[in-house]
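Dear colleague,

I am passing on to you the structure we spoke of, with the sequence and the model together below. Please look through both before reading on, as my notes follow them.

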Amino acid sequence: MRLTCWLVFAGFVSITAAIEPISTSIAVGMAAALTGFLASYQNVLYYFHECCRPEWISYNKTGLKYDLDTKLYGQHVAAQVILKAVTGFMKNENPKKPLVLSLHGWTGTGKNFVSQLIAENLYAKGMSSSFVHLFTATAHFPHEIHIDTYKSQLQEWVRGNVSNCPRSMFIFDEMDKMHPGLIDSIKPYLDFYDNLNGVSYRQAIFIFLSNAGGENIVQVALDFWKDGREREEIQLKDLETALSLSVFNNKNSGFWHTSLIDKNLVDFFVPFLPLEYKHIIQCGLAEMVTKGHAPDKKVVETMASELNYFPKEERVFSMQGCKVIPSRLDFYV
């Protein structure tokens, strides 16, 4: 665990009371100069070493809104919910509980990307910040036989890092692959407590990412399409209740019968809609810029046309989303 911004000195300066009267003004001057030096040294330390302070942790609402509007494609519901949820939480100086978001949808729809955008607009070092902690189910919790050990380790990791910095962010990827019951080990930290054993978790942010519930989201999108309704007409209320229930009752999900849902500790279930052909084009053009190429729509259209879509005949929604674009694009450029 990394400690934050402790000033460590090899020695100390002692000014005793046994000072001759004639030297008092000199001593006071020296003490003032020393205090100024230490303050300057502290500021320099804060500048170069990441600390749990406003210099390193500061929410940029304008930046997050811009990123969601210009970099996240086809996710009007998610963009609206994320911006309002994060902004409301960060404006509250005394929240009653941590912010808990659960992001759901098929792979390649933008769940990981949104987590990255939140981190980049909250922490100066973004996802590289020592206060952002990413857990992946298959990498960090691979063996069901060790679930009790994982529970203890997870509790200690969360407790230790929030003790270190109350404004910590924890991202749990692949919740659909996490062993049922494991995530309940941190349930007390997500609840309405002022503190637990002297540690307050109310300023922390927990984000869960999962493919579970994706089928329900796809079905709603398909129903809107079949009814001739615009994608932008889909609202959170059309998805959230069914989504939370499907995740809660999915035996293959880390949320299966979890107390986090049962006790209403998840603030928002955020749906990520399946992407359409036009969104794949947008992703491809943006990726070309990222790779240092001039955006070429013909190249991107060629790549996009060879991806898989459904329904099979109409080819409306992408099966892979934007996740495969970075590797696929190299083949066409």
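Please bear in mind throughout that this is a predicted model. I begin with the pocket, then turn to a pair of helices, some backbone features and two residues with contacts far along the chain.

The largest pocket holds about 760 Å³ of space, and its lining is made up of 26 residues. Nearest to the centre of this pocket lie Gly-108, Gly-110, Phe-113, Cys-322 and Lys-323, which may be a convenient set to select when you want to find the place on your screen. Four helices, namely α2 (61-71), α4 (111-120), α11 (277-290) and α13 (325-332), each contribute at least two residues to the lining of the largest pocket. Sorted by class, that lining consists of nine nonpolar, nine polar and eight charged residues.

Helix α13, which helps to line the largest pocket, also packs with helix α12 (residues 297-305), at an angle of about 115° and with the two axes 10 Å apart. The crossing of α12 with α13 is right-handed. On the α12 side the residues that meet the other helix are Val-299, Val-300, Thr-302 and Met-303, while α13 brings Ile-325, Arg-328, Leu-329 and Tyr-332. Taken by class, the residues of this contact comprise six nonpolar, one polar and one charged.

Next come the backbone features. In the loop that runs between β6 (309-310) and β7 (317-318) you will find Pro-311, which is joined to Phe-310 by a cis peptide bond with an omega of about -10°. The loop between β6 and β7 also holds Arg-315, a residue that is not a glycine and yet has a positive phi, of about 50°. Arg-315 counts as partly exposed, with a relative accessibility of 36%. A positive phi is likewise found at Glu-174, again not a glycine, where the value is about 60°. Glu-174 sits in the loop between β3 (169-173) and α7 (187-190), and since its relative accessible area is 18%, which falls under the 20% cut-off, Glu-174 counts as buried.

Just before that loop, strand β3 contains Asp-173, which at 16% relative accessibility is also classed as buried. What does Asp-173 touch, once its neighbours within four places in sequence are left aside? The residues in contact with Asp-173 are then Asn-112, Leu-134, Phe-135, Thr-136, Ala-137 and Leu-209. Of these, Asn-112 is 61 residues away from Asp-173 in sequence, whereas the C-alpha atoms of the two are 8.0 Å apart in space.

The other residue I would point out is Ala-78, which belongs to helix α3 (residues 76-91) and is buried, with a relative accessibility of 0%. Apart from neighbours within four places in sequence, Ala-78 is in contact with Val-270, Pro-271 and Phe-272. Between Ala-78 and Pro-271 there are 6.1 Å from C-alpha to C-alpha, although the two residues are 193 residues apart along the chain.

If you have time for a single view, I would suggest starting from helix α13, since from there you can look at the lining of the largest pocket and at the packing with α12.

With best wishes

Conventions: Residues are numbered from 1 along each chain as its sequence is written. This is a predicted model: local features need pLDDT of at least 70, side-chain atom pairs count only at pLDDT 80 or more; totals for chains, interfaces and linings use all residues. Side-chain values use heavy atoms; hydrogens and water are left out. On a 1 Å grid over the protein atoms alone, a cavity is a set of points where a 1.4 Å probe fits but cannot get out, and a pocket is an open set with protein on both sides within 12 Å along at least five of seven lines; lining residues have an atom within 4 Å of a point. Grid points are joined across faces, edges and corners, and a volume is the space filled by probe spheres set on the points. Ala, Val, Leu, Ile, Met, Phe, Trp, Tyr, Cys and Pro count as nonpolar, Asp, Glu, Lys and Arg as charged, and the others, Gly among them, as polar. Axes are lines fitted to C-alpha atoms, for helices over the stretch in contact, and angles run from 0 to 180 degrees between N-to-C directions. A crossing is left-handed if the near helix is turned anticlockwise from the far one by less than a right angle, and right-handed if clockwise. Contact means heavy atoms within 4.5 Å. Buried means under 20% relative accessible area, exposed over 50%, partly exposed in between (1.4 Å probe, protein chains only).
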